[in-house]
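Subject: Structure handover

Dear colleague,

I am passing on the structure we discussed. Please find it here, with my notes after it.

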Amino acid sequence: MALLMDHQFRQLPADKQVETRPFLEACSYLPYFIDCLGSTIFAPIKAEITGNLTKIKAVYDTNPGKYKTLQQILEGEKDMHGSQWPKVGATLALMWLKRALRFIQVFLQSLADGERDETNPNLLRINVTKAYEASLMHYHGWFLQKIFKAIMYTAPYKTEFLKSLSKGREVKDEECLEKIRKFLINFSATVDAIYDVYSKMHAELEYKV
Ligand code: CIS
């Protein structure tokens, strides 16, 4: 869990605005989190998240003052792209990134809450399935839903996953889960705030891939 705790998301201010630069910095460690799954099968997922981050950063870098918060990026692109918006630019990249972040949020929360298959308590399938249904399934067509099922069977055992989150150190599962709970405080608030922006600005798209 050292991996996530070393790169915490910031506490949100009272107006719940998410500042772009610290958000991108905290997210830049998420691809290493995917490495904790321990298989190259997850490389396309890592590439997907990295691609979204690169796209958002490219827009931010064009004018860091104007795009200080994620909401300002959506507002700026809405003005700039007219009818093409929101299926364009950093707005589209963040729309998909937030779904990946929601996946991670629900997955970690389910682990932290001790949800498990009593007959196979060391498997992550219950936690992974819950996360998928809450975040991505609705936006995936038949093919990607099948791919998800196949990938799910390659997920590591819970003990292995928790150990790799702790950078290989021998820590008790409960100690690691306590750190996950702490990480989730700011992380969940950030993900929820991004969803609120998309809802408030009617920027969520329902199409499937
Ligand atoms: C044995 C199995 C063999 C299978 C091998 C094949 C592997 C192929 C895997 C492909 C997975 C990649 C899924 C990507 C799907 C994208 O099409 C989809 C839409 O992308 C967006 C872009 O982001 O499309 C837009 C256009 O419509 C834009 O191009 C946009 O890019 S932009 O705007 O930046 O240019 N994207 C997604 O669906 C997002 C997928 C994110 C997945 C996040 C998962 C986080 C995992 C955290 C790990 C927690 C531990 C869990 C343990 C097991 C996890 C299983 C996770 C499975 C998720 C699978 C999804 C298929």
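The notes below cover the core, the salt bridges and a surface patch.

This is a predicted model, in which local features need pLDDT of at least 70 and side-chain atom pairs count only at pLDDT 80 or more, while totals for chains, interfaces and linings use all residues. Residues are numbered from 1 along each chain as its sequence is written, and side-chain values use heavy atoms, with hydrogens and water left out.

The largest nonpolar core (buried Ala, Val, Leu, Ile, Met, Phe, Trp, Tyr and Cys joined through side-chain atoms within 4.5 Å; buried is under 20% relative accessible area, exposed over 50%, partly exposed in between, with a 1.4 Å probe and protein chains only) has 69 residues. Among those touching the most other members are Phe107 and Phe161. Helix α6, residues 89–112, gives the most to this core, with 16 residues; helices are DSSP runs of H or I, at least four residues, numbered from the N terminus.

There are 13 salt bridges (a side-chain nitrogen of Lys or Arg within 4 Å of a carboxyl oxygen of Asp or Glu). Arg10, Glu19 and Lys68 are linked in a network of them; the Glu19 to Arg10 bridge is 4.0 Å, N to O. Glu19 is partly exposed at 30%, and Arg10 is partly exposed at 49%. In helix α10, Glu178 pairs with Arg181, with closest N and O atoms 2.9 Å apart.

Finally, Trp142 is exposed, with a relative accessible area of 65%, and lies in helix α8, residues 142–152.

Regards

Conventions
Helices (H or I, at least four residues) and strands (E, at least two) are DSSP runs, numbered from the N terminus.
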